[in-house]
Amino acid sequence: MRDWFDHPETGEARAKAMSLDAAGLFLDYSKNLIDTPTMAQLFALAREAGLEAMRDAMLGGAKLNASEGRPALHVALRKLDEAPLEVDGVDVMPAVRASWKKMAAFAAALRSGTWRGATGAPITDIVHIGIGGSDFGPRLVTDALAHLPEARFRLHFVANVDGAELERALSGLQPESTLAVISSKTFTTLETMTNAASLKHWLLAGGVPEASLDRHLIATTALPENALKFGITADNVFEFRDWVGGRFSLWSPVGLTIMLQFGAAHFEELLAGAYAMDEHFARAPLESNMPVILALLGLWYRNFLDARSCCIVPYAQHLEWLPGWMQQLDMESNGKAVNARGKPVVGLATAPVIWGQPGTNGQHAFFQWLHQSAEFAPVDFIAAIAPAHSLKGAQAPQHQAALLASCLAQSQALMRGQTLAEAMRGGKPEETARHSVFHGNRPSNTLLLPRLDPYSLGALLALYEHKVVCQGLLWGLNPFDQWGVELGKTLAAPLMRALGSAAELEGEAAKQDASTAMLLRRIAGKH
């Protein structure tokens, strides 16, 4: 790569040819281990695999999630035009719009203070209870946009079934001014329902009358009957359809906490950014289609160059949760060795390991590995041009300049490396200088957002959703199910009963393998 950029004419031509704008985002993919003829072959591969037809089928509501017999229609949740979108002959858009309207009405009541707690106290704190897709999306978006002046409440997210997280979230809160948003697609998830039951007890113990719990408990779910059984009133249940996958659900009522925090207008801007990326994905030719390009580059590294991981480095502290959100999105979608027809995937690597953290912190943690390890990982650098802070003073502009300079320098350093001759400049002895040699030629993409606002964030998240789906379809997978998550849930139920009852412990231990039985008895103090 260094050779390409050492010649101004070829470097400029490459940078121009391998960059594009979409939905307000700018992608530079010129620092990749790939040339134009190879990209052309990858586009041909995508066409031969039928990617365009599969994309159109997904966007049109076809039942691409074959193992669960339903569409993957999260794009309907941010579809802002007037065109219908049918599933089994029924237009789903009236129900989607009705859901937006109900969410907006509740958000307006809560934010204005019209909706109050049981004692008449205004709500000051929101506790969002969920896990996986019911947690990552709202947590990521509310943290990413926390600098917006419209942020209204103190937010507390609880996902882990470890009671320490719930205890920490509730510390210092008053029940009469706390609202709980319980988010679960099925309203049966062990972690979520355990936390929800404890929070309900906390409300009651704190003086909220049982008859007035409806002022403090809200549900978002695809199975409203289960929310009603838990004790949440029908008016407080925000329903979404089962064709909304958990890791694609932040655009649905799962994102209610986002709307409560920032208001309906900002939530619509988030949807608008995602919709703009959907339109680009649907209409742009493959050669200028940002999600497709990222998907093909990922496939190139995974299947042709044996890169086993991909590093996500947002140069924006407010995007701290982005790598975690992307871990679930990518690894839960495509971490599979069974294809969409239920057959083993043979001779083909699928999802890479996704990892990372914000720059510049990562530079002082794992960048040594990125630059000089024997293996390599492609990196996605993500940065917002405008700052997301309001610091004042002469030094304030230096923060963003230092942040963006570091982002650009790291991608350049990965590409160029440093030769022995360069390391020896200034008279450094060769023996010492050899430690400062790194070969470069390590690939990266750079994504620039104009600013970290709802529109750009929506476009960014939709971009990665489409990238991951494209890769799954190219690998022949069903990127919309997650059966690998279910076995642990099934096995946990009897173990939980055994740990909660001395009478059941030995009987359950006798059914288990020797290791699990030993651990059960050790935990129960029966060793």
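**Salt bridges, buried residues and inner spaces**

Student: Is Asp6 buried, partly exposed or exposed?
Tutor: In this predicted model, the relative accessibility of Asp6 is 39%. Buried means under 20% and exposed means over 50%, with partly exposed in between. Asp6 therefore counts as partly exposed.

Student: How far apart in sequence are the parts that Asp6 and Arg416 tie together?
Tutor: Asp6 forms a salt bridge with Arg416, in which the closest N and O atoms are 3.0 Å apart. Because Asp6 lies in helix α1 while Arg416 belongs to helix α15, which covers residues 396-416, the pair links parts of the chain whose separation in sequence is 410 residues.

Student: Does Arg416 count as buried or partly exposed?
Tutor: The relative accessibility of Arg416 is 24%, whereas a buried residue would have to be under 20%. Arg416 is therefore classed as partly exposed.

Student: Which helices are tied together by the pair Glu422 and Arg2?
Tutor: The side chains of Glu422 and Arg2 meet in a salt bridge, at 2.3 Å from N to O. The pair ties together parts that are 420 residues apart in sequence, because Glu422 lies at residues 420-423 and Arg2 at residues 2-6, which are helices α16 and α1.

Student: Is Arg2 buried or exposed?
Tutor: The cut-off to apply is that buried means under 20% relative accessible area. Arg2 has a relative accessibility of 17%, so this residue counts as buried.

Student: In which loop does Glu287 lie?
Tutor: Arg47 forms a salt bridge with Glu287, and the closest N and O atoms are 2.8 Å apart. Arg47 sits in helix α3 (residues 36-48) and Glu287 does not share that helix, so the pair ties together parts that are 240 residues apart in sequence; the place of Glu287 is the loop between α11 (264-283) and α12 (290-304).

Student: Which residues are joined into one network by salt bridges that share partners?
Tutor: Arg47 is partly exposed, with a relative accessible area of 36%, and Glu287 is likewise partly exposed, at 39%. Through salt bridges with shared partners, the network is made up of Arg47, Glu52 and Glu287.

Student: How many salt bridges does the structure hold?
Tutor: The bridges discussed so far, among them Asp6 with Arg416 and Arg47 with Glu287, are examples from a longer list. For the structure, the count of salt bridges is 23.

Student: Which residue offers the backbone nitrogen that the side chain of Ser184 reaches?
Tutor: Ser184 lies in the loop between β7 (178-183) and α8, and with a relative accessible area of 2% this residue is buried. Beyond four places in sequence, Ser184 touches residues including Ser134, Thr192 and Thr220. At 2.9 Å, the backbone nitrogen reached by the side chain of Ser184 is that of Phe187.

Student: Which residue has its backbone oxygen reached by the side chain of Thr221?
Tutor: Thr221 is placed in strand β8 (residues 217-221) and, at 0% relative accessibility, counts as buried. Its contacts beyond four places in sequence include Ser184, Thr186 and Val237. The side chain of Thr221 comes within 2.9 Å of a backbone oxygen, which belongs to Lys185.

Student: Which element gives the most to the lining of the largest pocket?
Tutor: The largest pocket has a volume of about 940 Å³, and of its 42 lining residues the closest to the centre are Thr186, Thr189, Gln482, Glu486 and Lys489. The elements that give two or more residues to this lining are α6 (133-144), α8 (190-205), α13 (322-334) and α19 (486-500). With six residues, the element that gives the most is α19.

Student: How many residues of the lining of the largest pocket are charged?
Tutor: The lining of the largest pocket holds 17 nonpolar and 15 polar residues. The remaining class, the charged residues, comes to 10.

Student: Which element supplies the largest share of the lining of the largest cavity?
Tutor: The largest cavity has a volume of about 150 Å³, and of the 18 residues that line this cavity the closest to its centre are Gly298, Tyr301, Cys310, Pro378 and Lys467. At least two lining residues each come from α12, β10 (309-315), β12 (379-384) and α18 (454-474). The largest share, five residues, is supplied by α12.

How values were computed:
Residues numbered from 1 in each chain as written. Predicted model: local features only at pLDDT ≥ 70, side-chain atom pairs only at ≥ 80, totals over all residues. Heavy atoms only, no water. 1 Å grid on protein atoms, 1.4 Å probe; cavity = no way out; pocket = protein on both sides within 12 Å on 5 of 7 lines; lining within 4 Å. Points joined across faces, edges and corners; volume = space filled by probe spheres on them. Helix = DSSP H or I, 4+ residues; strand = E, 2+ residues; numbered from the N terminus. Nonpolar A, V, L, I, M, F, W, Y, C, P; charged D, E, K, R; others polar. Salt bridge = Lys/Arg side-chain N within 4 Å of Asp/Glu carboxyl O. Buried < 20%, exposed > 50% of the residue type's maximum accessible area, 1.4 Å probe, protein only. Polar contact = N/O pair within 3.5 Å; in protein donor to acceptor, adjacent residues only side chain to side chain. Contact = heavy atoms within 4.5 Å.
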